[in-house]
Structures are given as structure tokens and as C-alpha cells.
Amino acid sequence: MALTPPRLFVVPAAGSAHAMILRRGPARQVAALGWNRDTDEVTLGQWLKGRIYEFRCDLSPDGRHFVYFAGTGDPDHPSGGWWTAVSRAPYLHALHFFPKSDTWSGGGAFTPDGECWLNGSTGAWEASSEIRFCTDPAAFPHSTDGFWMGELYATRMELRGWARTGTGYDVVLRKPLADGWALRWWVETGQKNRALVAGRYALEHSAGAGIDLPDWEWADLWQGELQVAEKGQLKAVALENGRLRDTRLIRDFGDMEFEAIAAPYDTRSTRERSR
């Protein structure tokens, strides 16, 4: 594994075993990968030389489409520096593309019936047989925070079985486990070697016991199994008598390097892609 492990964030679908993994590292390089949580199969999609803002991403309930907010910060980029896109998972090539000149708003979410809701993207979009857009502006909380999309992210996680308390930067999410335990997630800013705004995890018990988990970057329960991203690895863990143990390594992402990959549905020429 690399000396500095990559950062991992997982965007699970609400309603199926599909998920998107965002693997970040080195700085300003992100790989998007598809993950079947039932079979452990991981499929590489595409790399991006830039930043994907993980709290503003979502995967459709059937795992087919991905909406995300990304950017290079380069005002000379054709996008204006940042953009919202809707792609075919696990790829990033845009089926629908919405340029932006700043990091406020952007990204989106999918409704339970698979409609794509855009978080403040300007301009008109054309409906297609492949993507159905949600025209109800109140379907999800709209946020304009340039760093953290608290209300949008928390609402998305409620659709995945998490319970929420608090709002904004004070939001706390909890998911019940077995034997009185619960998984707790909250926001912290300024963590060492982490994004400016990042999530923190802990396990807490109804009787008052707790386990702080500062190295966990993502965790969730799937089919009774606790799945975790930590130090560049995706793994399954078990909680037994107040102690954690690893049960299975799903994938180590430490040795990946940037690859220029074309999405199979990208009809542009090689020269056009390089622009």
C-alpha cells in the first residue's frame, strides 16, 4: 500500500446492492468504481483529474446512473471550473452536463422512484428516455453552502435507513445495529489529512459504552453486515462483546494509479476527449 493511503467514500444506492466508490489520491485525482455489495465485485469506471464533492453525489436506486458535483478550480476549463453531471455508473462521462463558476450548490439526488433532482443547477435540461428529471424543487432540501451539503446529505441518508437529529453542521446520523449498539456519524471540520469538512464515526451502546473510530471514512450496514472504508481498504467487520474484528477484506485500493479510460458510451473522438 502507498505510504499515504487513498481516501475512500461510498455512495450506496437506496434500494439495491449497487454502490459507487470514490477513491481520492494523490491530491486532485479521483477514481470512480462500481461495487456490488452482495457479491463484492468491484468495477473500475473512470478517473478524474480534479475533485468530486462526495456529499453532493447520489446513485440511482437501480444503480444505473450517478449524479455528482466536481471541479478543477480552473476558470479556463470549459466548465468554468466546476460542474454537475449525470452519468452512467460507474463512469463519469456526462450524459447531462451543467457548468458552474463556483462551488455553491451543485450535484443532486435521486428520488425513491429514480428521478434525478438537481441541487441548484442553472439552465434548462432536456428530458431523455434514459434520465427522468424531478421538477419539484422541494423534493430535497436545497443548499447553497460552498463546503457542506448538510440538509441534502442527511435527507439522502434517511432514505437509506439512518435517523437524523440536528441540522447543518450539527447534524448527527444514527443507524441501529444489534444488541443495543448503533452506528453514529457526525460532521467535523479541519481534521488532519482529511477534507475541510469530513464525517466522523463511532459506535455507541444504549447502556452508555462507546467506541471512537477516527480512521473510518465510511461505514454502513448491509444485509446484517457492517461494511467499512478505512486506510484505503474496504472491508467487513464484526462487533462482538463490545470489540471489533475484521472478518473479510473486500478490496485494497492502495496500489491504483491514474488511467485515461473512455466510457463505452462516449462517442467523441480521441482528440475531442483530450480537450
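The exchange below goes through the overall form of a predicted model and then one residue, Thr84.

Colleague: What helices and strands does the protein chain hold?

Modeller: The protein chain has 2 helices and 20 strands.

Colleague: What makes the protein chain as compact as a globular protein of that length?

Modeller: Its radius of gyration is 18 Å, and the globule rule gives 19 Å for 275 residues. The two values are close, so the chain counts as being as compact as a globular protein of that length. Along the principal axes, the C-alpha trace spans about 55 × 40 × 35 Å.

Colleague: How much of the protein chain is buried?

Modeller: Buried residues account for 50% of the 275 residues. The accessible surface of the chain is about 13000 Å², and carbon and sulfur atoms hold 49% of that surface.

Colleague: Where are the mean positions of the positive and negative charges relative to each other?

Modeller: They are 3 Å apart, taken over 31 positive and 35 negative charges.

Colleague: Turning to one residue, why is Thr84 called buried?

Modeller: Buried means under 20% relative accessible area. Thr84 has 0% relative accessibility, so Thr84 counts as buried. Thr84 belongs to strand 8, which covers residues 82-88.

Colleague: How do you know that the side chain of Thr84 makes a polar contact with the backbone nitrogen of Gly107?

Modeller: A polar contact needs a pair of N or O atoms within 3.5 Å. The side chain of Thr84 reaches the backbone nitrogen of Gly107 at 2.8 Å, so the distance meets that cut-off.

Key. Residues numbered from 1 in each chain as written. Predicted model: local features only at pLDDT ≥ 70, side-chain atom pairs only at ≥ 80, totals over all residues. Heavy atoms only, no water. Helix = DSSP H or I, 4+ residues; strand = E, 2+ residues; numbered from the N terminus. Rg over C-alpha atoms; globule rule 2.2 N^0.38 Å. Buried < 20%, exposed > 50% of the residue type's maximum accessible area, 1.4 Å probe, protein only. Areas by Shrake-Rupley, 256 points an atom, 1.4 Å probe, with all protein chains shown as cover. Lys, Arg positive; Asp, Glu negative; His and termini not counted. Charge placed at Lys NZ, Arg CZ, Asp CG, Glu CD. Polar contact = N/O pair within 3.5 Å; in protein donor to acceptor, adjacent residues only side chain to side chain.
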